Amino acid sequence: MKILLIRSAVNVGLVVLIANSLMAGEPSKQDAFKKDLDAIQGTWKIVALEAGGKQAPAEIVAALKLTFKGDTLTFTPGEPGFSNYTYKLDPSTKPASFDMTHADGDHKGETQKGIYSLEGNHLKICLGKADSRPKEFSTTADSVQALYTLEREKP
């Protein structure tokens, strides 16, 4: 009986130790969010822009920049009502979710759903409509999705 109690205590101890090790090695949702929020800050230049299966003109791609500061996003140069946004990241989804909400203009408060991939100085954002989140980083002729490929601007 004594041996069984000792074995049970050892087994419970091992289970607790393994569970704690797994939890300690896995970052929390909040840690992943903070990591991506910190990493996305700054100005990004567009290196490719595709919408509806077509590449945007080179002069638009060369001129357009996105600046992330806190939870705000600014397109430069921008158009009235299409320059200032707030955004939300959710790196816990697969692919990671990106929601962009108009901060001014006729569309103020409207949100576009998207996905993002952030790896070092490379960022991809694929946006869909308010009622549908893209499932992959692509556009087709019959889609309303837009795919931004960006690189961090060097200071």
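**Exercise 1. Place arginine 152 in the structure and decide whether it is buried, partly exposed or exposed.**

Step 1: Arginine 152 lies in strand E9, where strands (E, at least two residues) are DSSP runs numbered from the N terminus. This is a predicted model, so local features need pLDDT of at least 70, side-chain atom pairs count only at pLDDT 80 or more, and totals for chains, interfaces and linings use all residues. Residues are numbered from 1 along each chain as its sequence is written, and side-chain values use heavy atoms, leaving out hydrogens and water.

Step 2: Buried means under 20% relative accessible area, exposed over 50%, and partly exposed in between (1.4 Å probe, protein chains only). Arginine 152 has 24% relative accessibility, so it counts as partly exposed.

**Exercise 2. Find which polar contacts the side chain of arginine 152 makes.**

Step 1: Look for pairs of N or O atoms within 3.5 Å; within protein, one must be able to donate a hydrogen and the other to accept it, and residues adjacent in sequence count only if both atoms are side-chain atoms.

Step 2: The arginine 152 side chain reaches the backbone oxygen of alanine 39 at 2.3 Å. With the side chain of asparagine 121, arginine 152 shares a polar contact of 3.0 Å.

**Exercise 3. Describe how E7 and E8 are joined.**

Step 1: Strands pair if DSSP finds at least two bridges between them. E7 and E8 run antiparallel and are joined by six bridges.

Step 2: Now take the turn. Two residues sit between the strands of this hairpin, and glycine 120 takes a positive phi near 60°.

Conventions: Helix = DSSP H or I, 4+ residues; strand = E, 2+ residues; numbered from the N terminus.
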